[in-house]
Amino acid sequence: MREEREPAWPLLTPVFTPAPPLQYLQLKKKLEDEFPGCLDICGEGTPQATGFFEVMVAGKLVHSKKRGDGYVDTESKFLKLVAAVKAALAQG
């Protein structure tokens, strides 16, 4: 009869964290270029659901894919977001 032994090292299950979506990274870069040193931009994944792409400025939701705005993929959407950032920065 063969004896079962503990492995010499712990068995680990790898956990893979998905990379940030390309749309988020592109928008982050554009905003950092537009407002150098003025913004703290962070992204948060939603592992329980996909399809969210929401932009909050000073606690106010200014863009929501879920609400029908889609991604910030046109100049007019980007300019709307820039205006919201400028307004938030002006309020201090």
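This is a short talk on one protein chain, from its overall layout to its core and two individual residues.

Let me say at the outset that what we have on the screen is a predicted model, and that every value I quote has been computed from it.

I will begin with the layout. The protein chain contains 2 helices and 2 strands, and if you follow these elements from the N terminus on, they come in the order α-β-β-α. Of the 92 residues in the chain, 20% are buried. The area that the chain exposes amounts to about 7,900 Å², with carbon and sulfur atoms supplying 57% of that area. As for the contacts, if we take those with a separation of 6 or more, 39% of them join residues that are 24 or more positions apart.

Next, the core. The largest nonpolar core consists of 15 residues, and the ones with the most contacts inside it are Leu 27, Val 55, Val 57 and Leu 81. Helix 1 (22–34), strand 1 and helix 2 (75–91) are the elements that each give two or more residues to this core, and it is helix 2 that makes the largest contribution, with 6 residues. If we look at Leu 27 in particular, and leave aside its neighbours within four places in sequence, we find it in contact with Phe 53, Val 55, Val 72, Phe 78 and Leu 81.

Let me turn to His 63, which sits in strand 2. Is His 63 buried or exposed? Its relative accessibility is 3%, and therefore His 63 counts as buried, the cut-off for that class being under 20%. A polar atom of the His 63 side chain lies 2.6 Å from the backbone oxygen of Gly 70. Not counting residues up to four places away in sequence, His 63 touches a set of residues that includes Phe 53, Glu 54 and Val 55, as well as Asp 69, Gly 70, Tyr 71, Val 72 and Lys 77.

My last residue is Ala 58, which is found in the loop between strand 1 (54–57) and strand 2 (60–64). What is the sign of phi at Ala 58? Phi is positive there, at about 50°, although Ala 58 is not a glycine. With a relative accessibility of 71%, Ala 58 counts as exposed, because that class begins over 50%.

To close, then, I would set these two residues side by side: His 63, buried at 3% relative accessibility, and Ala 58, exposed at 71%.

How values were computed
Residues are numbered from 1 along each chain as its sequence is written. This is a predicted model: local features need pLDDT of at least 70, side-chain atom pairs count only at pLDDT 80 or more; totals for chains, interfaces and linings use all residues. Side-chain values use heavy atoms; hydrogens and water are left out. Helices (H or I, at least four residues) and strands (E, at least two) are DSSP runs, numbered from the N terminus. Buried means under 20% relative accessible area, exposed over 50%, partly exposed in between (1.4 Å probe, protein chains only). Contact means heavy atoms within 4.5 Å. Accessible areas come from the Shrake-Rupley method with a 1.4 Å probe; for residues, only the protein chains shown count as cover. A polar contact is a pair of N or O atoms within 3.5 Å; within protein, one must be able to donate a hydrogen and the other to accept it, and residues adjacent in sequence count only if both atoms are side-chain atoms. A nonpolar core is a set of buried Ala, Val, Leu, Ile, Met, Phe, Trp, Tyr and Cys residues joined through side-chain atoms within 4.5 Å.
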